[in-house]
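Me: I have a model open and would like to learn how to read it. Could you walk me through it, one feature at a time?

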Amino acid sequence: MARIPASTARELLAASFSGMVFGFLEDGGQEFEQSCSSSNGSSQETEAMFDMEDDQEDAGEEEKDKKFWENQNQILQATLCRTSSLETKIRSVTKDAVKESVEAVCGCGKESSGCRSCLMREVSGRLCNAGYNSAICKSKWRSSPDISSGEHTFLDVVDNSSSRKGDVRVIIELNFRAEFEMARANDEYNRLVKRLPEIFVGKVERLQNLIKILCSAAKKCMKEKKMYMGPWRKQKYMQAKWLGACKRTIATSTPPLSVGQSERLRLRPKASMLTVDLLGEMMPNMNCAAVAVV
C-alpha cells in the first residue's frame, strides 16, 4: 500500500473539517431562524393574551365600581326611609321653627337664618316649649394619629318617655348635607350627597349608618380620582362630631327684636377729624383738649 505524504494528509484533514463546520453552521442557521420565527409568534400571542387579560380586568373593575355605587344608593335610600314616630314629631317641630325663623331678627342683630348660633338657640327653645328635653351640644376632641382635632355644635333631644327603651337620643343637624359635600367629587358621590336631607333628625343608630355609608363612598371616590383624602373626611372624624363626648346646654330662647328696637341698637356714627370744626361752631362752649399731632 502506497504511503500518503504528510502534507497531503494534512490538506485532506483540513478540507474534511471545514466541510463539517460549514455543514453544521448551515443546518444550525436554519434551525435558529425557525426557532426565532416561532419565538416571535409566541411572543405576539403572549402579548395578545396579556392585552385580553388587561381588558378583562378593566371591565371587571368597572363592573365592581358600578355595583358598589348601586349598592351604596340602595342602602342610603333604605336608611333614610326608615323613621320612627318620635323622629317624625321632632322633625316637624324643627322644620316649623326653621321656617318661621327665616325672616326674624335675632338678638345679635342679624337674621336668624344667617346666624347659626341664634338659629340653633331658637330651634332648641321651640323644642323645649313643645315638651322635649332639647339642648345645644358642643363636641370637642383632640388630635390623634387617626384624626385631627376639632369641634362641632349641633342639637339633640333626649327622650325618656319609654321605660322599656330607656333614654333615646335624637340628633338634630341643621346643615347636614353640607357636612358631606366635596369640591372635586365624582358624579356618583354627588348623587349620594344630593339624597341627604338639609336638616337631619334621627336616632344615633341611623346617624351611625349614614356616616358609614357616606365615608365609605368618599374613600372610594378619592381612590378612583387618585386624590388624597383629608383626615376631616374620615369616618372617625365624622363620628367625633356628633357621637363623641359633648357638653349639653339648655337653650334660652331670645324673642325677636321689633323694628324700633333694631333702630335703637344701631351704632352711633363716629366723629372724624373733618367734623371738629362743625362741632365747634354748633357748641362753642364745649371744652376740647388740645392734642399735638406728630
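Reply: We will go from the overall layout to helix packing and then to single residues. This is a predicted model, in which local features need pLDDT of at least 70 and side-chain atom pairs count only at pLDDT 80 or more, while totals for chains, interfaces and linings use all residues. Residues are numbered from 1 along each chain as its sequence is written, and side-chain values use heavy atoms, with hydrogens and water left out.

Me: How many helices and strands does the secondary structure of the chain come to?

Reply: Helices (H or I, at least four residues) and strands (E, at least two) are DSSP runs, numbered from the N terminus. Here there are eight helices and five strands. Read from the N terminus, their order is α-α-α-β-β-β-α-β-α-α-β-α-α.

Me: What percentage of the 294 residues count as buried?

Reply: Buried means under 20% relative accessible area, exposed means over 50%, and partly exposed lies in between (1.4 Å probe, protein chains only). In this chain of 294 residues, 29% count as buried. Contacts tell you something else: a contact means heavy atoms within 4.5 Å. Of the contacts in the chain with a separation of 6 or more, 64% are between residues 24 or more positions apart.

Me: Let's take one helix. How many residues has α3, and how far does it reach?

Reply: The expected span of a helix is 1.5 Å times one less than its number of residues. Helix α3 (residues 116–129) has 14 residues and reaches 20 Å from its first C-alpha to its last, close to the 20 Å expected at 1.5 Å a residue. After α3 comes G131, with a positive phi near 100°.

Me: Which residues of α3 are buried, and what do they pack against?

Reply: A general point helps here: an α-helix has 3.6 residues a turn, so residues three or four places apart point the same way. In α3 the buried residues are C118, L119, M120, E122, V123, S124, G125 and L127. Their packing partners are α2 (85–100), β1 (134–141), β2 (150–159) and β3 (168–173).

Me: How do I describe two helices that pack, say α2 and α3?

Reply: Two packed helices are described by the angle between their axes and the distance between the axes. Axes are lines fitted to C-alpha atoms, for helices over the stretch in contact, and angles run from 0 to 180 degrees between N-to-C directions. The axes of α2 and α3 come within 9 Å and cross at roughly 135°. Angles under 35 degrees count as roughly parallel, over 145 as roughly antiparallel, 65 to 115 as roughly perpendicular and the rest as oblique. The α2 and α3 pair is therefore oblique.

Me: What is the handedness of the crossing of α2 and α3?

Reply: A crossing is left-handed if the near helix is turned anticlockwise from the far one by less than a right angle, and right-handed if clockwise. For α2 and α3 the crossing is right-handed. On the α2 side the contact is made by I90, V93, T94, D96, A97, V98 and E100, and on the α3 side by L119, V123, R126 and L127. To sort such residues, Ala, Val, Leu, Ile, Met, Phe, Trp, Tyr, Cys and Pro count as nonpolar, Asp, Glu, Lys and Arg as charged, and the others, Gly among them, as polar. The contact of α2 with α3 divides into seven nonpolar, one polar and three charged residues.

Me: Where do α4 and α5 come in?

Reply: Helix α4 (residues 187–195) and helix α5 (residues 204–224) have axes that come within 9 Å and cross at roughly 160°. They are therefore roughly antiparallel to each other, and their crossing is left-handed. Y189, L192 and V193 in α4 meet L214, A217, A218 and C221 in α5. By class, the residues of this contact are seven nonpolar, no polar and no charged.

Me: And what does α5 do with α6?

Reply: The axes of α5 and helix α6 (residues 235–243) come within 10 Å and cross at roughly 155°. That makes α5 roughly antiparallel to α6. The crossing of α5 and α6 is right-handed.

Me: Is K226 buried or exposed?

Reply: K226 is exposed, with a relative accessible area of 79%. K226 sits in the loop between α5 and α6 and has a positive phi of about 55° although it is not a glycine.

Me: Which residues does L80 contact?

Reply: L80 is found in helix α1 (residues 6–81). Leaving aside neighbours within four places in sequence, L80 is in contact with R195, P197 and L210. L80 and R195 are 115 residues apart in sequence and 8.8 Å apart in space, C-alpha to C-alpha.
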